[in-house]
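This report covers aromatic contacts, cysteines and the main pocket of one protein model. The sequence and structure are shown first.

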Amino acid sequence: MSNLKPNEKILIVDDEILNVTVLGDLLKDDYTVMVAKNGKQALKVVEMQNPDLVLLDIMMPEMDGYEVCKRLKDNPVTKDIPVIFISAMGQEEDETKGLELGAVDYIRKPISPAITKSRVKTHIELRNTYKELESQKNRMQQELDVGHRMQLGMLPTVFPDHDNFSIYASLRPAKEMSGDFYDFFLIDDNHVVFCVGDVSGKGVPAALFMAQTKILLKSHITSADSMAESVYRVNFMLSQDNDAGMFVTLFLACINLKTGELQYVNCGHQPPLILRSNGELERMQNPQDIILGVMEDYQYTSLRSDLNTEDAILIYTDGITEAIDSNKNMYGEERLMNLLKSSNGVTPQQMVKNIIDDVDSFADEIDQFDDITVLSLKRR
């Protein structure tokens with residue numbers, strides 16, 4: 001016999017001393033055994049000792065086993081402690097009632113030592129497995145939380161108050177890690193690059209592909225006249241050894257702050273919308289270029305448009321238009337366009353806020369199933 005004290009604790013609850021003695025002698029070599037002679041005492045022992053399993057008689061004075069089990073399962077602190085009823089009550093409805101209250105098993109008296117030891121061992125092992133899974137889940141959640149903070153740290157959070165433009169963006173992941181991204185930066189005094197992307201899938205793989213795409217984009221955009229060439233290089237590198245078959249949609253643009261000329265490349269992304277200063281709304285021309293990451297030698301098309309003073313451009317991911325309500329209706333582009341038409345004259349920050357608030361109001365309490373990203377830039 002090992003000299004080590006058993007780790008697992010078992011609480012035996014029974015008002016008959018003979019039953020307690022039999023069970024205690026049966027289990028004491030393998031577990032730390034505790035005893036309670038009635039229901040009230042059992043609840044106190046559980047609170048103080050946190051046993052790994054409770055062997056519970058049903059017929060006891062003052063508080064029967066059913067009530068003890070119910071109270072244990074109603075308490076968030078004790079609800080996961082497995083309860084096995086041990087009783088001479090052998091009717092099917094007695095067993096059913098115990099299981100419905102949350103017990104994991106039912107052993108009839110007089111007990112079989114071999115069966116009792118086997119069932120106790122099984123439920124202790126299940127309890128330990130559950131604890132280990134919970135521990136791993138908590139560790140994974142902590143790692144995801146760190147990854148979430150690191151990922152958001154890659155996104156611009158300071159939005160400049162520039163003489164010639166204002167910009168604002170928001171990203172809200174559906175899970176801890178997002179496949180969406182946005183970025184903007186000056187490449188010289190007169191040119192601002194900005195983009196929104198949406199990686200296929202969700203979670204950690206999408207987040208890693210997102211980070212790779214964002215880093216490649218920033219490192220390959222070297223001038224205002226090479227949007228298509230920059231995207232070609234990024235796509236070539238993403239397509240290499242892409243065994244996971246992931247891809248990303250991307251809208252990438254560069255605006256000349258002096259002239260308002262807008263050069264852009266659209267790689268399978270929703271065409272952005274331009275809200276003119278007079279309230280008119282335009283959908284940008286879509287070149288029908290393919291997504292990034294699937295065809296390494298694809299040649300992308302660079303298109304041009306113009307933003308006049310007080311015009312605003314809105315780029316978004318499909319988490320906006322594909323948001324659903326409780327009746328499975330989609331938010332849709334028409335609702336988004338109607339909202340934008342009523343938002344003429346507002347700042348990019350207010351425009352982005354209005355859109356997200358309206359999507360939330362539309363979806364009500366339906367959980368967000370896709371990442372939501374919106375970016376707006378307004379020329380001054």
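Are tyrosine 331 and phenylalanine 362 buried or exposed? Both tyrosine 331 and phenylalanine 362 are buried. The model is a predicted one.

## Aromatic pairs

The structure holds 8 aromatic pairs. In one of them, phenylalanine 159 and tyrosine 168 have ring centres 4.5 Å apart and planes at 40°, so the pair is tilted. Phenylalanine 159 is partly exposed, at 23% relative accessibility. Tyrosine 168 is also partly exposed, with a relative accessible area of 23%.

The rings of tyrosine 331 and phenylalanine 362 have centres 5.5 Å apart, and because their planes stand at 85° the pair counts as edge-to-face. This pair joins distant parts of the chain, its two residues being 31 residues apart. Tyrosine 331 sits in the loop between helix 8 (318–321) and helix 9 (332–341), whereas phenylalanine 362 belongs to helix 10. A single aromatic cluster is formed by Tyr66, Phe85 and Tyr106.

## The largest pocket

The largest pocket encloses about 190 Å³ of space. Its lining consists of Phe159, Pro160, Asp161, Ser166, Ile167, Tyr168, Glu310, Thr347, Pro348, Gln349, Lys378 and Arg380. Phe159 and Tyr168 of the tilted pair are thus among the lining residues.

Strand 6 (165–172) and helix 10 (348–363) each contribute at least two residues to the lining of the largest pocket. The largest share, 3 residues, is supplied by strand 6. Helix 10 also carries phenylalanine 362 of the edge-to-face pair. By residue class, the lining of the largest pocket divides into 5 nonpolar, 3 polar and 4 charged residues.

## Cysteines

A disulfide is a covalent bond between the sulfur atoms of two cysteines. With a cut-off of 2.5 Å between cysteine sulfur atoms, the count in this model comes to 0 disulfides. Cysteine 195 is in no disulfide, and the nearest cysteine sulfur, that of cysteine 267, is 10 Å away. Cysteine 267 is likewise in no disulfide, its nearest cysteine sulfur being that of cysteine 195 at 10 Å. Because a pair must lie within 2.5 Å to count, the 10 Å between these sulfurs rules out a disulfide here.

How accessible is each cysteine, and what is the relative accessible area of cysteine 195 and of cysteine 267? Cysteine 195 is buried, at 4%. Cysteine 267 is buried too, at 0%.

Conventions
Residues numbered from 1 in each chain as written. Predicted model: local features only at pLDDT ≥ 70, side-chain atom pairs only at ≥ 80, totals over all residues. Heavy atoms only, no water. 1 Å grid on protein atoms, 1.4 Å probe; cavity = no way out; pocket = protein on both sides within 12 Å on 5 of 7 lines; lining within 4 Å. Points joined across faces, edges and corners; volume = space filled by probe spheres on them. Helix = DSSP H or I, 4+ residues; strand = E, 2+ residues; numbered from the N terminus. Nonpolar A, V, L, I, M, F, W, Y, C, P; charged D, E, K, R; others polar. Buried < 20%, exposed > 50% of the residue type's maximum accessible area, 1.4 Å probe, protein only. Phe/Tyr/Trp six-rings, centres within 6.5 Å; stacked < 30°, edge-to-face > 60°.
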